[in-house]
Protein chains: 2
Amino acid sequence: MALIVHKYGGTSMGSTDRIRNVAKRVAKWVRAGHQMVVVPSAMSGETNRLLGLAKELSPAKHTPALARELDAIAATGEQVSVGLLAIALQAEGLESVSYAGWQVPVATDSSYTKARIESIDDKRVRADLAAGKVVVITGFQGIDPEGNVTTLGRGGSDTSAVAIAAAMKAAECLIYTDVDGVYTTDPRVVPEARRLSTITFEEMLEMASLGSKILQIRSVEFAGKYKVPLRVLSSFTPWDIDINEEAASGTLITFEEDENMEQAVVSGIAFNRDEAKVTLLGVPDKPGIAFQILGPVAEANIDIDVIIQNVSHDGKTDFSFTVHRNDYARTMELLQGTVGPATNAAKVAGDPKICKVSIVGIGMRSHVGVASKMFRALSEEGINIQMISTSEIKTSVVIDEKYMELAVRALHKAFDLDQDAANA
Amino acid sequence: MALIVHKYGGTSMGSTDRIRNVAKRVAKWVRAGHQMVVVPSAMSGETNRLLGLAKELSPAKHTPALARELDAIAATGEQVSVGLLAIALQAEGLESVSYAGWQVPVATDSSYTKARIESIDDKRVRADLAAGKVVVITGFQGIDPEGNVTTLGRGGSDTSAVAIAAAMKAAECLIYTDVDGVYTTDPRVVPEARRLSTITFEEMLEMASLGSKILQIRSVEFAGKYKVPLRVLSSFTPWDIDINEEAASGTLITFEEDENMEQAVVSGIAFNRDEAKVTLLGVPDKPGIAFQILGPVAEANIDIDVIIQNVSHDGKTDFSFTVHRNDYARTMELLQGTVGPATNAAKVAGDPKICKVSIVGIGMRSHVGVASKMFRALSEEGINIQMISTSEIKTSVVIDEKYMELAVRALHKAFDLDQDAANA
């Protein structure tokens, strides 16, 4: 008997028939002897419907008072879901009780629409589990120190589930989703992409932040921090498949490197075509120049991803960074209008038609030559590398976006990630 | 400057356009210098939609655990409304904040789906009002001592509004509804029915319980108990009508009899065709007989309205009462099967085709001859009276249902309630 947390997405909760199937699946786990906590999302479309109504009425100016109301409204979507699921579980003959975030309570800070969980009181939930109840808890939301309802931002239910699993010291947190696991890369780009049976938190973090949008990145950080075994698995299997088969399916995100992980130097290829690059050419290489450039960018609320500054010559250097493509025009305007002249840059250049391709793998830490193998594979396809950025477990390159698919396929093959290679 | 509570029904909150109109109306009151607390219902149809989803999933057996979830789900309808209205008020340039019942908190007992308000903490709301904010509070709901969400039952938002007005010692509680006030009787039956500019709580209680379903009866009890001036007025007037005209419109339900009220002996004619009568003929007139008859009926959860027992002759008496027409078959079965034989009744008789017509008026207390005037008016129309029941401010008769409209019209005229009579 173990304490297990299940998280179901909005698609799984999309109709009363689907909710009934979720209840049957959870009931199967209960009958196998597990204590169960379930975190369902709002019914699909519901959060958008609620925020759509709110938007029609909203003043032009976004204020904290407005954000507070948006959170209170959006949080009701999950509050309906937990009640419906608790009722469906009762119809399955189980005892069940639902809680909104404020009832647990799930304590957060006061950053409306993007609050952070600070603590979870497990007393009430633990008493219910001990009494044989299935506990259903809202995802996506909590309560701040002043008693206001807060939400964690889009995808926040993943984070809620992991945080609850951490607070309860659950044996495993299972995230039922519309993909059946984490792949070596996007199968739409590389048909030979292979599902990973395990991946480390660090790798998953790099994969998630690079555009594998399976899990909210914060949920992975949480899982890593509190060492919660996290499994991503399909919600599309029939509810009555064998529980052992279900329990071993999907991808397990682990906090330990097991031995055979050593063999896979690179676990996956991530990519992102939502970026644009900008460069200040010929800026004086002097202390404070980076802040002089990026300070105004940050003040304008423009997020920066990759930053590159190479060694200087003749006291001048080139300073490049990437931003979200939606921020490209604003960024160029800012650089050309004020930052470029202020830093005495010789020229401001930019290109929105780029993409970032990364190889990710915890094995890279102890293997030399991984990056050069990557560069060789790209070179063999005639792909020019515009920028390079590396971390302990990741090497990213910025290239022309038209080569993205080609680069991903070439790297997938070069690092033996193809289905056939794995089966061989 | 006064503290005013407004309550808006589901129709007024039925769309974002209508919510915007509510916000404009409230803004008008704020600009006239009032401190405002607003209690909106859920958007029309929303409570039914939510409970419909729940019903699809519910187990056959109704348990407290199920009722708890139904309340948590239903309560979200008002939680969305208050957020949307607070946002619409912000768009009007006002500061506004919304609270769910649990946030105020509105403390109730634990009777899910029909909870009773026990206390309201006004500290938070008062601080917001002092800071110049419009406070929007959910109707229909509260929180029990264990931190569970409870609802007050259908129409509960009226009760919430009055209870909040009482707790805040508001100058007046205005209930905006789809009728423009309380009438002397149903205008669909008597086109000459006249809107009353004032009515006492006692009269309103008799009118409401007798079928004038304008306000939840408990809200009127609350208003009477805590002496909250309560006004029923139309939500269909344009939001920008003159505020003094609006403030004087509708019907004011007062807790004081003013002088000119003395002149109106009868304020209105109420009626109800949802009843059925049953009679035990020739039961022994001995101590305990009433309990012997009605005990089993109450145990079967059958509500009883009028009870009549006349003087006995030859040690036997006839015992009659009325029940809701839906309970008629069950009641007859119970009387014929067990209660009749057990009490040695000579015969059990019943009739579902009856109705109850009542004259209501606080002036009846000090005026003799009111009942006889009623009986004469009915007699002149050839209407036979089957049962008579009286209270301090009400006289009710049970008659054949086919005479209902005729009786109501005759009484309306006999007591000079017609429009023309009032204007003369």
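How many salt bridges are there between chain A and chain B? Two. Hold on to that count while we go through the rest. One caution before the details: this is a predicted model.

Let's start with one of those bridges. The side chain of Arg49(A) meets that of Glu46(B). The N to O distance is 3.4 Å. Polar contacts come next. Between chain A and chain B there are 20 residue pairs in polar contact, with both residues at pLDDT 80 or more.

Which elements build this side of chain A? Four of them each supply at least two residues to the side that touches chain B: α1 (16–31), α2 (46–57), α3 (64–91) and β3 (96–99). Of the elements of chain A, α3(A) gives the most, with 17 residues.

Now the totals. The contact takes in 43 residues of chain A and 43 residues of chain B. The area buried between the two chains is about 3,300 Å². Carbon and sulfur atoms give 62% of that area. Which three residues of chain A supply more than any other three? They are Leu57(A), Ile87(A) and Trp102(A). Together they supply 21% of the area that chain A buries against chain B.

Next, symmetry. Take chain A and lay it on chain B. The RMSD is 0.3 Å. The operation is a turn of 179°, with a shift of 0.0 Å along the axis. The two copies are therefore related as by a two-fold rotation axis. Where does chain A come nearest to that axis, by C-alpha? At Thr76(A), whose C-alpha lies 3.0 Å from the axis. The same surface serves both copies. Of the contact residues of chain A, 100% recur in chain B.

Last stop: a strand in chain A. This is β20, residues 394–400. Why call β20(A) largely enclosed by the rest of the structure? Because six of its seven residues are buried. Here, buried means under 20% relative accessible area.

β20(A) has strand partners. One of them is β18(A), residues 354–360. That pairing is antiparallel and runs over seven bridges. Within this pairing, Lys356(A) has Val398(A) in β20(A) as its bridge partner.

Another partner is β19(A), residues 387–391. It also pairs with β20(A) in the antiparallel sense, over five bridges. Thr390(A) stands opposite Thr395(A) of β20(A). A hairpin of two residues joins β19(A) to β20(A).

To close, back to the opening count: two salt bridges between the chains, alongside 20 residue pairs in polar contact.

Definitions and conventions: Residues are numbered from 1 along each chain as its sequence is written. Chains are lettered from A and ligands numbered from 1 in the order in which they are written. This is a predicted model: local features need pLDDT of at least 70, side-chain atom pairs count only at pLDDT 80 or more; totals for chains, interfaces and linings use all residues. Side-chain values use heavy atoms; hydrogens and water are left out. Copies are superposed by least squares on the C-alpha atoms of residues with pLDDT of at least 70 in both. Contact means heavy atoms within 4.5 Å. Buried means under 20% relative accessible area, exposed over 50%, partly exposed in between (1.4 Å probe, protein chains only). Helices (H or I, at least four residues) and strands (E, at least two) are DSSP runs, numbered from the N terminus. Two strands pair if DSSP finds at least two bridges between them. Buried area is the accessible area (1.4 Å probe) that two parts lose on being put together, summed over both. A salt bridge is a side-chain nitrogen of Lys or Arg within 4 Å of a carboxyl oxygen of Asp or Glu. A polar contact is a pair of N or O atoms within 3.5 Å; within protein, one must be able to donate a hydrogen and the other to accept it, and residues adjacent in sequence count only if both atoms are side-chain atoms.
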